[in-house]
Each structure stands twice: as C-alpha cells, then as structure tokens.
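Work through these exercises with the model open beside you. Try each task before reading its solution.

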Amino acid sequence: MAGRSKMVALDRSERGRWGIAQTTRALFSAGDRRAVALLLRLILAAALIVTMALSLGWGAADEVAVIPALLGKFGWSEASLRDTVIIWDIRMPRVLTATLVGAALAVSGAVMQGLFRNPLADPGLIGVSAGAGLGAVVAIVLGGVLPAAIAGFFGRWLVPAFAFLGGWGATLLLFALATRGGRTSVATMLLAGIALGALTGALTGIVVYYATDDQLRDLTFWSMGSVAGASWQQLFVAAPMMLGALCAAPFLARALNAMALGEAAALHLGIDTQATKRIAILTVAGATGASVAITGGIGFVGIVVPHLLRLVQGPDHRGLFVNAALLGAILLLWADMLARTFIAPAELPIGIVTAALGGPFFMSVLMRNRHLL
Amino acid sequence: MDLRTKDLSLDLGGRRILEGVSIQATAGEVTAIVGPNGSGKTSLLKCLTGEYRYSGTISLNGADINSYAPAELALWRAVLPQAIELSFPFTVHEVVSLALTSGVAMDKGRASDDLVQRALERVGLGGYAPRRYQTLSGGEQQRVQLARVLLQVWESTLYDLPRWLFLDEPVSALDIAHQLLVIDIAQDFARKGGGVIAVMHDLNLTSMFADQVLLMQGGQVAASGAAEEVLADEPLSRAYGCAVVTRQAPATGAWLLPQVANGRAFAP
Amino acid sequence: MRGLTLSAILLCGAASLGMTGSSVCAQDAVVSVGGPITEIIFALEEQDRLIARDTTSVYPPEALGLPDVGYMRRLSAEGVLSVGPDMIIARDTSGPPEVLEQLQAASIPVVLVHDAFDPDAILSAIDTVGAALDVPAKAAELSATVQADLDALAERRAEITEKKRVIFVLSADAGRLNVAGRGTGADGLITMAGGINAVADGFDGYKLMNNEALLTANPDVVLMLAPRPGTDHSLTPADLQTHPGLLPTAAGAASAIRQVPAAALGFGPRTPALALALLEDMYGGAQ
C-alpha cells in the first residue's frame with residue numbers, strides 16, 4: 001500500500017529526531033543528573049589512574065620525569081633517552097593495553113549479561129575463552145612441530161594469533177549450533193558452550209601432556225594473564241578490533257533493555273532480536289578475543305564491573321556500557337600497578353591480582369547489597 | 001480496517017493445534033477469544049503476535065502481517081503477555097519507558113517522563129514510578145505491563161488507521177476493582193477507534209465488555225458472533241463439555257454465568 | 001658462538017658511546033638471567049658486578065641475596081630497569097622477546113648466551129660471558145679447568161665396557177614418579193657421566209611414569225635431587241628404595257639410589273666436575 005510506505009518513511013525520520021530530542025532531554029532531567037555525576041566521576045578517576053600508572057616506577061626507574069619525556073618524543077622538550085624509552089616504549093603501551101583490555105572485558109561482560117538476561121553471565125559463555133585457551137596451548141606446545149613456513153610467518157605472533165583464531169572459531173561454532181532457521185537460541189548457546197568447554201578442556205589436557213617443562217611454564221603464565229609484554233605493535237594490531245567492539249556496544253543498549261522483558265516482548269516492541277544477538281555475539285567475540293590474544297587469561301573483570309555498576313546506577317544499559325568501559329579500565333590499571341609493585345622487581349601475573357582482590361571485594365559488596373538483588 | 005485470518009493452521013510438536021481458523025476482528029470493537037483449556041486460544045494469539053510459524057494468512061489493516069518490519073509492526077500493535085519475568089532490577093518507570101524503545105510517533109509536545117506518568121495513572125499506579133518492578137505483587141506487575149503496552153499505542157489511531165491491542169488474559173491476576181479498570185481501559189481504547197483482541201478465561205467479564213466473541217474448541221472456531229449469541233447455554237455447554245447455564249441479571253442487564261460445580265448449575 | 005661474542009663487544013662499544021664519563025665496557029651493574037650464567041659469573045669471581053638475578057639463579061647461595069627480577073622466560077621491563085642495570089647477560093631462551101627489545105631500546109646492552117644441554121655449550125657460555133664482562137684471561141682459565149674435567153670424563157667414559165642404565169627422578173606425585181626423558185639437563189648429565197638414560201626412547205621432557213614402565217626400563221642406578229640447604233625435600237632415598245616400581249628393578253636390588261645436586265642439571269661450569277664425581281660413584285674403581 002503506497003499510503004502505508006509513506007507513513008513508514010515519515011515515521012523513521014520523525015522517530016529519529018524525536019529519539020535524539022528524548023535522549024538529550026533525558027540527560028539533563030532530574031533523575032539523570034546522578035547518572036551524569038557518576039560518569040564524570042568515572043572519567044576523572046580514569047584520568048587520575050592513567051597518570052599514576054605512567055608515573056609509577058621504583059628504584060632506578062623512579063625518578064622518571066614524565067611530562068618532559070611525554071613531550072620529548074615530539075621534540076618539545078629535553079628528556080634523556082632512557083626516560084623517553086621508559087615512558088613511550090614501556091609504560092605507554094602497557095597503560096594503553098591495560099586501559100583497552102579492561103574496557104573491552106568489562107563491556108563484553110555487560111553485553112553478555114544483557115544478552116543472556118542474567119547478571120552472572122560472563123564473556124566466557126560464548127566459548128571465546130575456552131577456544132582462545134586451546135589455541136594458545138596448541139601454539140605453545142605444538143609450535144615447535146609446525147612447518148617452518150607457518151612458524152616463520154607468525155614468528156612471535158604465533159600464540160596471540162592462535163588464541164585469537166581459537167576464540168573466534170569456538171564462538172562461530174557455538175553460534176552455528178545454536179542458530180536454526182535464522183533464529184538463535186541463547187539457551188542452546190549456553191548449553192553448547194558448556195559442552196564445548198568440556199571438550200576444549202579435554203583437548204587441552206591431551207596437548208599439555210606432550211608439553212616440555214618450559215612449555216608448561218609458558219602455558220601457566222599465559223593463563224594467568226599479563227600486560228608486561230605490551231608493545232605498540234601489539235596495540236596496532238589488536239586495538240582496532242577492541243575499539244570497534246567498544247563503539248558498537250552502546251548501539252545495543254536500547255535493544256538489550258527491551259530484551260530484559262524476554263525475547264518475545266522485545267520483538268513485540270519492534271526490536272530486531274536476531275540482529276541484536278548477532279551483533280552482541282560478534283562484539284563480545286571481537287573484544288574478548290583480541291584481549292585474550294594479547295594479554296592471556298584475565299578473569300573476573302567481565303563479571304564484577306557490570307554488576308558493581310548495576311548496584312550503583314541501575315540496570316539501564318544506556319549508561320552501563322560507557323561506565324563499564326571506564327570502570328573496567330580503572331580496575332585493570334589499578335590491578336596492574338599492584339602487580340608491578342607487590343613483589344618488585346619481579347611481577348605478579350595480572351590475572352592473579354584481579355581474582356585475588358576482585359573476589360573478596362565483590363563478595364563484600366554483595367553482602368551489603370543483598371536486598372537489592 | 002480490521003484484523004483477519006484466513007485458513008490459519010498450526011502444527012506444534014507433531015500435533016495439529018489450530019485447524020482452518022478464519023476470523024475477523026473489527027477496529028472500534030473488543031473481540032474476545034474464549035474456550036476451554038487446550039482449545040488453542042493462546043496459540044491463536046501467539047500466531048497473531050508472530051511467535052509461532054503458521055500456515056494460512058493473517059492481515060492487519062489490509063496488509064499481510066509478515067510484510068511489516070518488526071519496528072513498523074510495533075507502531076501498529078502492542079502485546080500484553082500473560083506473565084513477564086524481569087531479570088534485572090529495573091524500576092517501574094524504566095519498565096514502562098521501554099514502550100518508547102521503537103520511537104513510536106507520539107504526542108510530540110510532551111516529555112517522555114510525563115507520558116510514562118500518565119500511563120501509570122491510567123492503570124491506577126500513579127505513585128509507583130520509582131519503585132522496583134521485582135518488589136511488586138503479581139497484580140501490580142501485570143498493571144505495569146499494561147501501562148507499558150498502552151504507552152506503546154497511546155493514541156488509538158495513527159494516520160487514520162486503527163492501532164491494536166493484543167491482550168493475553170489481562171485480568172487473571174487482578175482483584176475485581178482492577179479487573180473492571182482494565183475492562184474500562186480496553187473499551188475506551190476501542191471506542192476511540194482502536195481494535196482490541198483479548199484471550200479471556202472469565203466468561204462473566206467477557207460478557208461485560210466484548211463486542212464480538214470467538215469460542216474456540218479443539219483448535220477450531222466453534223462459534224463466533226455477538227456476545228449474547230455465543231455466550232449462551234447451548235454453545236458454551238457443547239464447547240466446555242459440561243452443563244453451563246446463563247442468565248441475564250435483571251437489574252443491570254449484564255449477563256451472569258453461574259458457576260458450574262459437580263455437574264450441577266447453581267442458580268443465583 | 002664467536003659471533004655472539006663479537007656482537008656483545010660491539011654492543012658494549014655502542015652503549016658506551018651513549019654514556020658519559022664511563023670507560024669502555026666497565027659494566028658494574030649486571031643483571032644475570034639464567035642459573036648457569038650466574039654460576040659462571042661467580043666462578044669468574046666477578047660477582048661484585050652483579051646487581052640482580054632471576055628466579056632460576058639459586059647457586060651459589062650468595063646469589064640468593066641479590067634481588068630477584070622474576071622468572072627467566074617472563075621478565076618485566078620495568079622490573080629489570082628498576083634495579084638500574086647497565087648490562088644484561090641472559091640465556092637465549094629468556095623472554096618475552098618484546099621485553100628484551102625494550103631493554104635494548106633503553107640503551108641497555110643485552111648479551112644472549114646460547115642454551116643447550118651439552119658440554120660444548122658450557123665452554124661457549126664461559127667464553128661469551130667472559131667477553132661480555134671483559135675478563136678474557138679469567139674466562140680462559142675457567143674454560144681450561146672445565147675442559148680438563150671434560151677430558152677426564154671422556155677418558156673415563158672410553159674405559160667403560162658396559163654402560164649402566166640410569167634414570168633420574170625429579171619428584172613423586174601421588175605415587176607416580178616424575179622421570180627425565182630426552183632433552184633435559186638430567187639426560188645430558190647421565191650421558192656425560194657415561195650412563196644411558198633408560199627411558200630416553202620414550203619421551204622428551206619430564207613425564208610421570210607408571211610402575212610397569214619403570215619395571216620395563218629396569219634401571220641399574222636411580223638418581224634424585226639432593227636436598228637444597230634450607231629446603232625440606234619431600235622425597236627421600238628411602239621413599240625411592242621402597243617404591244613399588246623401583247624395588248624389583250636392578251637399582252632397587254642393589255640399593256643404587258644416588259643424589260645429585262640441582263646445579264648439575266643446569267649445565268653450568270660445575271656440571272663436568274659433578275658428572276665426573278657421579279661417574280666415579282657409579283662405576284667405582286672396578287674398571
């Protein structure tokens with residue numbers, strides 16, 4: 001009906017303008033002043049912690065003049081070569097990596113919790129961690145027996161590349177298993193993910209059996225996570241995917257809000273649930289896959305951050321993603337600073353810090369806020 | 001403009017749930033679907049809302065319902081389900097605001113908060129906006145959902161075409177005062193030009209507000225027509241398989257269907 | 001190996017150009033990464049120039065007093081920099097490679113020493129470290145001592161008519177023994193000491209073996225780690241003597257359980273001497 005399509009066209013542009021007006025008004029109305037305050041506080045905390053992380057050093061690396069070194073790279077100030085290298089080649093990539101990875105993991109967790117409608121969901125549910133772990137194990141243990149051409153092509157990128165491919169492979173496999181006739185069942189994905197976890201665990205065990213001592217140690221350290229080896233190269237490769245995922249997430253906010261009522265109700269509200277599921281899963285696979293590839297296994301950030309935020313700002317996904325990115329970055333930077341100082345000059349793997357601190361802290365928060373859950 | 005189905009059939013799990021159902025609901029009227037358990041009433045509604053894959057055709061306002069994109073369809077019809085489980089601690093205000101998700105064409109002058117408040121007042125929950133949905137009683141939660149659904153199709157007509165309310169047992173968890181409130185809302189919506197289709201359990205209430213009644217039995221439409229015709233002794237007894245006696249209350253003129261127990265009808 | 005020495009000298013030279021007021025290669029703040037490297041530095045009596053070590057450097061006991069920059073294969077650039085080094089001498093299996101590069105970018109020369117479990121590796125390691133520390137005379141002396149040990153070993157090995165079958169047990173895990181296969185320090189030590197690794201055909205690295213496999217291997221001698229001073233080793237010779245997998249073997253029958261200091265496995269400068277002692281012990285004077 002021609003009349004009807006005219007109406008649709010009108011509605012879309014009207015809808016768009018109205019939506020923007022509504023959002024802008026919402027930001028400044030009474031109830032949402034708190035939301036803006038929270039956001040500003042998080043931004044401030046993030047800026048502060050980035051500064052601290054850049055300046056943190058001890059012993060001989062303590063008296064690094066940060067500002068001159070920062071400016072010195074562009075020739076705007078005089079700084080010693082050593083200071084410049086420390087700030088630009090060692091600390092900066094590390095701080096940026098921790099920021100991005102923290103944000104990526106936290107946002108992934110938030111997306112997963114919205115998608116599975118469960119505040120206990122974490123990025124591992126779509127198989128990305130299990131697959132990445134298996135990929136890393138294969139690369140570490142079987143890397144030596146790969147044909148020279150392949151090993152040479154990847155070089156030191158062998159483990160990250162395999163981890164990344166493993167993560168994506170697992171997710172796509174689960175997605176294919178759970179999608180029939182164009183509809184994806186998240187419940188099936190959840191159950192299939194459990195089965196896949198068992199399978200990858202078994203395969204990992206088999207491969208580990210053939211590992212040498214060195215390889216076992218490498219594997220253990222990989223699974224405990226670290227940002228110590230961060231480099232600009234790694235960032236250039238991994239950052240685009242993580243940033244892409246981070247930017248895509250807010251667009252899922254309204255859909256995930258509606259899906260809290262259940263998929264049927266969300267569909268009735270006009271949400272394209274299948275597209276939402278697809279984008280959500282791709283986003284999480286991209287963000288988490290890239291993170292795990294460059295830092296190894298860092299757990300806990302994905303569950304804790306969105307949970308904490310929900311207790312403070314409520315479950316509306318529109319604010320949740322931005323805040324989660326900031327809080328995730330803050331958390332990981334803080335954990336990294338602890339990892340660097342605790343047994344200096346040696347370093348703790350960062351996954352241990354996030355788990356050891358995150359666990360008890362999370363428990364105490366839950367105990368105090370039981371009535372809200 | 002109306003809502004029609006033609007030869008609607010549904011198979012689920014190897015069983016034929018609906019068989020050759022052809023119905024028509026007219027805008028400006030309240031159409032009730034009644035029938036015994038397992039007769040296919042909720043399945044019929046689920047076909048209308050797009051949750052089941054059926055064979056046959058359904059047309060809404062003259063166009064096949066599958067030709068509408070999800071966002072567009074959300075402009076034209078809102079669905080009130082029987083039960084909603086919310087997994088996050090949203091407030092009542094947030095739940096009702098979800099109706100604005102698809103950015104439906106609204107009364108542009110007003111801010112969304114104002115509209116949400118008006119919807120809540122309409123269902124008698126004026127002061128409930130800041131409360132958490134999960135802390136409400138079943139009946140209150142159902143009314144919050146009704147407020148959300150109403151907000152989605154706030155104006156009964158859009159560009160001179162009727163909008164539709166699909167209600168799945170909208171009064172089941174409510175006390176009588178609120179049951180009457182919901183009935184009033186549905187009739188009001190229809191009077192202003194919208195269409196209402198409600199799956200109903202309670203025959204007495206149905207008789208109070210339905211203009212057209214569809215009686216389902218065994219996956220087929222056993223009877224359809226005005227309430228007085230369908231909600232009569234013979235069609236009801238046949239469909240429900242037990243003796244049902246109907247009487248019109250002398251004072252108000254409303255139909256009263258006595259409770260049937262132990263195969264014996266109790267006359268009031 | 002000579003190439004590494006050359007590059008070490010060149011790096012020293014390049015680094016010294018960037019530093020003001022220091023003489024050529026007068027490195028006084030050396031970080032040593034790798035047990036054998038640390039041993040060599042102590043053996044060369046240059047330990048005063050050491051400023052830090054890694055986790056695997058536990059011999060000699062004085063080394064434990066130095067700050068620990070972390071596990072050899074998982075160094076952290078910040079950690080290493082924080083001790084203020086002006087040179088790093090590391091086994092070439094250290095890592096991660098990004099960290100070594102970052103350290104070099106910070107004008108700290110990194111000298112890599114080839115890592116292998118054979119006698120030639122020990123000698124070339126001594127050369128490389130000696131060149132890096134600019135003490136060629138002392139290095140030559142140490143090399144000569146080690147060479148003498150190696151020659152003695154070769155001589156004694158040639159006299160052996162029947163080689164003994166040996167296994168090395170690292171630890172026990174719920175009754176199963178962790179045994180050294182190919183490509184381990186223990187395997188190299190056994191070969192050096194004139195024995196045959198009874199399980200060398202089976203696997204690489206360390207593996208848990210079940211009792212049937214141990215009986216099939218039927219070793220004549222069982223080696224285990226000597227307890228480190230100050231640590232409490234859970235495994236004792238008595239445990240192995242009475243172990244069901246070893247009791248019926250030739251080693252069990254002869255009570256041939258020998259302890260070996262951990263340093264011998266690292267293939268540092270003391271290994272040949274320790275191997276010689278082991279050889280004498282196994283074959284006695286009965287040749």
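**Exercise 1. Find out how many residues of β3(C) are buried, and describe its two faces.**

Step 1. Count the covered residues. In this predicted model, 5 of the 5 residues of β3(C) are buried. Buried means under 20% relative accessible area, exposed means over 50%, and partly exposed lies in between (1.4 Å probe, protein chains only). Strands (E, at least two residues) and helices (H or I, at least four) are DSSP runs, numbered from the N terminus.

Step 2. Sort the residues by face. In a regular strand the side chains alternate between the two faces of the sheet. Met87(C), Ile89(C) and Arg91(C) sit on one side of β3(C), and Ile88(C) and Ala90(C) on the other. Both faces are covered, as all of these residues are buried.

A note on conventions: residues are numbered from 1 along each chain as its sequence is written, and chains are lettered from A and ligands numbered from 1 in the order in which they are written. The model is predicted, with local features needing pLDDT of at least 70, side-chain atom pairs counting only at pLDDT 80 or more, and totals for chains, interfaces and linings using all residues; side-chain values use heavy atoms, with hydrogens and water left out.

**Exercise 2. Place β3(C) in its sheet.**

Step 1. Read the strand order. The open sheet has 4 strands, in the order β2-β1-β3-β4 of chain C, with parallel pairing. Two strands pair if DSSP finds at least two bridges between them.

Step 2. Mark the edges. They are β2 (50-53) and β4 (110-113) of chain C, and each pairs on one side only.

Step 3. Check the twist. From one strand to the next it averages 20°. Axes are lines fitted to C-alpha atoms, for helices over the stretch in contact, and angles run from 0 to 180 degrees between N-to-C directions.

Step 4. Take the neighbours of β3(C) in turn. Strand β1 (residues 30-33) of chain C runs parallel to β3(C), over 4 bridges. Ser32(C) has Ile89(C) as its bridge partner in β3(C). β3 (residues 87-91) of chain C is also joined to β4(C) by 4 bridges, again parallel. Ile88(C) is partnered by Val110(C) in β4(C), and Arg91(C) by Val113(C).

Step 5. Add the helix. Helix α5 (residues 119-132) of chain C lies across β3 and β4 of chain C, at about 165° to β4(C).

**Exercise 3. Is Ile51(C) buried or partly exposed? List what it touches.**

Step 1. Locate it. Ile51(C) is in strand β2 of chain C.

Step 2. Classify it. Its relative accessible area is 26%, so Ile51(C) is partly exposed.

Step 3. List the contacts (heavy atoms within 4.5 Å). Leaving out residues up to four places away in sequence, Ile51(C) touches Ala29(C), Val30(C), Val31(C), Leu66(C), Pro67(C), Val83(C) and Gly84(C).

Step 4. Compare sequence with space. Ile51(C) and Gly84(C) are 33 residues apart in sequence, and their C-alpha atoms are 8.2 Å apart.

**Exercise 4. Describe the sheet of 6 strands in chain B and the helices that pack on it.**

Step 1. Give the order. This open sheet runs β7-β10-β11-β4-β12-β13 (chain B), with mixed pairing. Its edge strands are β7 (77-80) and β13 (220-226) of chain B. Neighbouring strands are turned by 15° against each other on average, direction ignored.

Step 2. Inspect one pair. Strand β12 (residues 212-217) of chain B and β13(B) are antiparallel, with 6 bridges. Leu214(B) has Ser224(B) as its bridge partner in β13(B).

Step 3. Pack the helices. Helix α5 (residues 138-152) of chain B touches β7 and β10 (164-168) of chain B, and its direction makes about 175° with that of β7(B). Helix α6 (residues 176-191) of chain B touches β4 (30-34), β10 and β11 (195-199) of chain B, at about 150° to β11(B).

**Exercise 5. What are the helix and strand counts and the buried shares of chains A and B?**

Step 1. Chain A has 16 helices and 2 strands. Of its 373 residues, 52% are buried.

Step 2. Chain B has 9 helices and 17 strands. Of its 268 residues, 54% are buried.
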